[in-house]
Amino acid sequence: MNTKIITINTEDIRPEDFDEAARILQEGGLVAFPTETVYGLGANALDEKASKKIYEAKGRPSDNPLIVHISEVKDIEALAKEIPEVAYQLAEVFWPGPLTMIFKKKDCVPYGTTGGLNTVAIRLPANQIARELIARSKVYIAAPSANISGKPSPTEAEHVINDLSGKIDMIIDGGKATLGLESTIVDLSEGQPMILRPGCITKKMLQNVIGNIDYDPAIMGKKLNKDLVPKAPGMKYRHYAPEGALTIYEGNTQLVIQAINQKSKEMLNEGHRVGIIATDETIEFYKYGIVMSIGSRKNEATIAAGLYRVLRDFDELHAEYIFTESFADNSLGQAIMNRLLKAAGYHVVKVDDLSKS
Ligand code: TXA
Ligand code: MG
């Protein structure tokens, strides 16, 4: 299949920019497009055959449901039933934006889109290109992240081109995704709201609007808990993973730098290709391997925005071993560490323990 790539400038959006993409979606094809979180791979959510193509293109397990993207708050009523009042309170504050809400689904939403579940995940994105695409195509767009299943999510069109070129009809290049981490998912389908995936809308921000809310116990903690099954099926897979073996070094920064330097030297001497994920504040202290900064500790948002980019950059450089610093596990840091731990297959070295032994 020939994948058409078009560029749309957010500063200068013209209605005709969307004509071809809209036609492709209406005819059951696949269009990758930018959102403020990550790039999405879109298809008509109400067309089961179209959704199925998403799973094929990504190599995604069929039990992993898709998020349906809408362009106006009232669209939730076309897709969901028994919508609780808190949904409108959350929409008022966080939509358009990086929040996904889960409801009981209406019959019009096919099981092929919801991975066989009776619930549907819905998001109203803030990215102007995404919203125009939904509105102009008049299609509710089912869209997972536009990566090959298991790889880091794409934050630039180039990442999508690398993964899906030749497998989908069109890619809209709309520049970099500004946030860089997938949306926060909140389940509203059963009484007490619950966070199924941490993201840029933090627990605290949600609490300020709707009061008490907790994480799905299965997604928290620094180890994979085999006895708990996450409510968001996608959270159970090893995910976001680079090709090299990623290890997180945790503890006192000086000791982390020392430990990473030592390990990198060792691996280099054995003839391996080594990558190091540093920060703007620490990059100058690493002596071996290929060193890249993920962002600045003074601004956590830059770390969130840089995470998938560095993982993909190390793939391009064929790093066999990647060593990274760890980040504070609160607020936005919870989302960053959630993705980083999964990318590392929960492989963490605690340097304070090393220094004791
Ligand atoms: O920011 C985002 O959410 C991006 C952009 C493109 O909008 N999309 C995204 O989609 O991250 P994806 O498919 O990579 O992740 C969707 C997650 C999966 O973990 C999936 O299991 C969960 O949402 N999910 C979707 N529908 C669900 C449902 N009905 N119940 C529970 N979890 C659901
Ligand atoms: Mg994904």
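**Figure 1. Polar contacts join domain 1 and domain 2 in this predicted model.** Welcome to the place where the two parts of the protein meet. Across the interface of domain 1 and domain 2 there are 8 residue pairs in polar contact, with both residues of each pair at pLDDT 80 or more. On the side of domain 1 that touches domain 2, the largest share comes from helix 7 (residues 157-164), which supplies 3 residues. Sorted by class, this side of domain 1 holds 9 nonpolar, 10 polar and 5 charged residues.

**Figure 2. A salt bridge links Glu182 and Arg339.** Here we look at a charged pair. The closest N and O atoms of Glu182 and Arg339 are 2.9 Å apart. Between domain 1 and domain 2, the count of salt bridges is 2.

**Figure 3. Domain 1 and domain 2 bury about 1,500 Å² between them.** Stepping back a little, we can take in both domains. Domain 1 covers residues 4-219, and domain 2 covers residues 245-356. Their centres, taken over C-alpha atoms, are separated by 29 Å. Where they meet, 24 residues of domain 1 are in contact with 16 residues of domain 2. Accessible area lost when parts come together is often used to give the size of an interface. For this pair of domains, carbon and sulfur atoms give 54% of the buried area of about 1,500 Å². Three residues are worth finding in this view: Pro152, Leu181 and Pro198 supply 36% of the area that domain 1 buries against domain 2, more than any other three residues.

**Figure 4. His159 sits buried in helix 7.** Is His159 buried or exposed? His159 counts as buried because its relative accessibility is 6%, under the 20% cut-off. Looking beyond its neighbours within four places in sequence, you will find His159 in contact with Pro154, Arg309 and Arg312.

**Figure 5. A cis peptide bond runs from Trp95 to Pro96.** Most peptide bonds are trans. The bond from Trp95 to Pro96, in contrast, is cis, and its omega is near -5°. To find the spot, look for the loop between helix 4 (85-94) and strand 6 (99-105), where Pro96 lies.

**Figure 6. His318 and Ser331 both have a positive phi.** Most residues other than glycine have a negative phi. His318 is not a glycine, yet its phi is positive, at about 55°. You can locate His318 in the loop between helix 10 (300-316) and strand 16 (321-325). With a relative accessibility of 56%, His318 counts as exposed. For Ser331, likewise a residue other than glycine, phi is near 50°. The loop that holds Ser331 runs between strand 16 and helix 11 (332-343). Ser331 has a relative accessible area of 44% and is therefore partly exposed.

**Figure 7. Gly59 is an exposed loop residue.** Where is Gly59 found? Follow the chain to the loop between helix 2 (48-58) and strand 4 (67-69), and there is Gly59. Gly59 counts as exposed because its relative accessibility, 54%, is over the 50% cut-off. Another residue to pick out is Tyr39: Gly59 and Tyr39 are 20 residues apart in sequence, and in space 17 Å separate them, C-alpha to C-alpha.

How values were computed. Residues are numbered from 1 along each chain as its sequence is written. Chains are lettered from A and ligands numbered from 1 in the order in which they are written. This is a predicted model: local features need pLDDT of at least 70, side-chain atom pairs count only at pLDDT 80 or more; totals for chains, interfaces and linings use all residues. Side-chain values use heavy atoms; hydrogens and water are left out. Domain bounds come from an automatic or database domain assignment. Contact means heavy atoms within 4.5 Å. Buried area is the accessible area (1.4 Å probe) that two parts lose on being put together, summed over both. A salt bridge is a side-chain nitrogen of Lys or Arg within 4 Å of a carboxyl oxygen of Asp or Glu. A polar contact is a pair of N or O atoms within 3.5 Å; within protein, one must be able to donate a hydrogen and the other to accept it, and residues adjacent in sequence count only if both atoms are side-chain atoms. Helices (H or I, at least four residues) and strands (E, at least two) are DSSP runs, numbered from the N terminus. Ala, Val, Leu, Ile, Met, Phe, Trp, Tyr, Cys and Pro count as nonpolar, Asp, Glu, Lys and Arg as charged, and the others, Gly among them, as polar. Buried means under 20% relative accessible area, exposed over 50%, partly exposed in between (1.4 Å probe, protein chains only).
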